[in-house]
Amino acid sequence: MPAEIREQTTAAPAAAPTGDPAPERDRGRVVEWALFWIGMVSLVFANHKVTWDARRRFDALDQLLSGEGLSEDRYSLVGPLFATPMWLAGQVVGRADGWLAYFNLVVFALGLLALHLLLRGRVDAGLLRRFLLLLVVGSMVPAHISNFYAETFSAMTVGVGMIAAYLAATHPWQRRLGWAGMALGTANIAATIPALALTAADRAVRLRRLRYAVPVAAAVLLVLGEAWLRRGDPLDQGYTGERFDYPMALGVLAILFSFGKGLVWFMPGLFLPIRRRLRGLYDPDAVDLWGAYRSWLVYVGAMVAVYANWWAWSGDLYWGPRFFLLAVLPAALALAVWLTRPDTRAWVNVVLLGVLSLSVWVAADSSVFESSGAPRCYDKANLQEDYCRFGVVESDLWYPLTDWPGHLAVGRYAQLAFFAVVWAWLAAPVLARLTRSATGWLRAHPVPPPAQWRW
């Protein structure tokens with residue numbers, strides 16, 4: 001297979017790749033890149049802030065950079081330290097917390113740029129374009145780049161690192177940087193060390209190489225060293241007194257299926273099978289895209305197992321399942337694969353339309369309603385928190401359908417219109433296939449004329 005992958009769309013995984021007509025392909029490229037950039041610009045105008053636990057992260061960084069020493073707070077400084085240039089800019093021209101409110105947007109944008117550079121020429125052009133587009137307009141990212149939390153930094157360093165780690169052997173320095181990124185992103189959230197360990201173990205067993213223990217050891221040393229410097233004890237992670245007694249089976253079910261936090265609802269693309277359908281959409285001599293995708297799933301699966309025992313598995317009242325932000329990468333890739341390599345079967349297209357519609361709604365909801373909040377979920381004296389995690393009408397994802405906020409600005413309606421356009425563009429081929437299927441079925445099963453009907 002040539003290193004430069006040509007854009008292609010096929011009717012079924014087993015079919016030979018066939019090129020789209022050039023005008024159609026060019027028009028699709030222009031439209032999808034335009035939608036991507038409009039989506040990126042809209043993220044700039046999100047409700048950026050430094051609140052709740054993000055304020056504690058900012059205060060710890062501010063204390064350190066102001067020369068007042070290390071904070072003993074439990075939240076890691078690994079990720080926030082990379083915001084130092086923005087903190088310095090804030091000292092010169094404005095409030096530092098105002099600048100750091102945009103840190104995760106910068107991290108996300110740099111992550112997308114890295115994904116594009118790493119995969120360009122190695123992956124089908126249409127697949128790469130739709131993958132990046134869906135990360136912006138078909139995922140819960142908008143709600144998670146608007147605050148100074150840890151998950152965006154970890155998701156992008158670990159996620160992009162895995163792509164770099166699976167490049168061809170001719171790029172050893174990029175692969176090493178990939179594992180270094182995974183170690184940094186994991187050390188930023190110490191609870192994900194088992195996820196990195198399992199991912200590295202999977203790679204080590206497959207290649208029979210012991211070297212993959214190095215990034216795990218590096219992440220562990222970073223976590224222990226930071227605890228030692230900040231709290232005087234390498235084993236004191238600042239979570240003394242936290243309860244890890246939530247029934248694991250119930251935790252797994254809640255993380256996967258709860259209406260307020262469940263991955264099934266917030267990242268439906270995560271559950272689309274793609275192994276056979278992915279063949280022919282990337283150059284296996286340049287990048288092992290399937291291997292990277294599998295490692296994303298292993299990492300996320302291990303995170304589910306780790307967080308299932310914690311009483312705060314839900315990420316509290318933050319929008320969506322924030323601990324599992326990394327999962328937007330495999331979810332977006334899987335949906336992009338199905339949009340790039342379609343299927344003619346009607347029931348498959350019905351499922352695909354449902355997954356696409358839900359994914360775009362997740363992005364729209366996280367962009368437009370993230371700052372509103374379900375009416376019954378944001379009073380700290382409220383005893384209804386479990387309804388917010390498990391209920392339908394209290395869910396961040398569903399409450400706008402039953403309790404539409406009456407104070408939305410005109411700009412928010414413009415955002416909703418934009419997401420409707422995105423959905424219409426991506427759904428049009430799926431709807432066309434469904435229309436052809438329905439037409440074919442009606443022709444094969446014509447309705448008998450009135451004269452043939454009897455009482």
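**Figure 1. Packing of helix α11 against helix α16 in the predicted model**. Helix α16 spans residues 289-307, and α11 covers residues 193-207. The axes of the two helices are 8 Å apart and form an angle of about 140 degrees. This angle makes α11 oblique to α16, because an angle must be over 145 degrees to count as roughly antiparallel. The crossing of the two helices is right-handed.

**Figure 2. Residues in the contact between α11 and α16**. From α11, the contact involves Pro194, Ala195, Leu196, Leu198, Thr199, Asp202 and Arg206. From α16, the residues that meet them are Arg294, Ser295, Val298, Tyr299, Ala302, Met303 and Val306. Taken by character, the residues of this contact comprise nine nonpolar, two polar and three charged. Thr199 in α11 and Ser295 in α16 are the two polar members. The three charged members are Asp202 and Arg206 in α11, together with Arg294 in α16.

**Figure 3. The loop that follows α11, with Arg208**. Arg208 is placed in the loop between α11 (193-207) and α12 (213-231). The phi angle of Arg208 is positive, at about 55 degrees, although this residue is not a glycine. Is Arg208 buried or exposed? Arg208 has a relative accessible area of 74%, and this residue therefore counts as exposed, the cut-off being over 50%.

**Figure 4. The loop between α1 and α2, with Trp52**. Trp52 lies in the loop that connects α1 (22-44) with α2 (53-65). Here too the backbone is of interest: phi of Trp52 is near 55 degrees, a positive value in a residue other than glycine. The relative accessible area of Trp52 is 49%. Trp52 is therefore partly exposed, since the value is neither under 20%, as for a buried residue, nor over 50%, as for an exposed one.

**Figure 5. The whole chain, as the setting for the close-up views**. The secondary structure of the chain consists of 21 helices and zero strands. The radius of gyration is 23 Å, close to the 23 Å given by the globule rule for 455 residues, so the chain is as compact as a globular protein of that length. Along the principal axes, the C-alpha atoms fill a box of roughly 90 × 55 × 50 Å. Of the 455 residues, 54% count as buried. Among contacts between residues at least 6 apart in sequence, 76% join residues at least 24 apart.

Note on methods
Residues are numbered from 1 along each chain as its sequence is written. This is a predicted model: local features need pLDDT of at least 70, side-chain atom pairs count only at pLDDT 80 or more; totals for chains, interfaces and linings use all residues. Side-chain values use heavy atoms; hydrogens and water are left out. Helices (H or I, at least four residues) and strands (E, at least two) are DSSP runs, numbered from the N terminus. Buried means under 20% relative accessible area, exposed over 50%, partly exposed in between (1.4 Å probe, protein chains only). Axes are lines fitted to C-alpha atoms, for helices over the stretch in contact, and angles run from 0 to 180 degrees between N-to-C directions. Angles under 35 degrees count as roughly parallel, over 145 as roughly antiparallel, 65 to 115 as roughly perpendicular and the rest as oblique. A crossing is left-handed if the near helix is turned anticlockwise from the far one by less than a right angle, and right-handed if clockwise. Contact means heavy atoms within 4.5 Å. The radius of gyration is taken over C-alpha atoms; the globule rule is 2.2 Å times the number of residues to the power 0.38.
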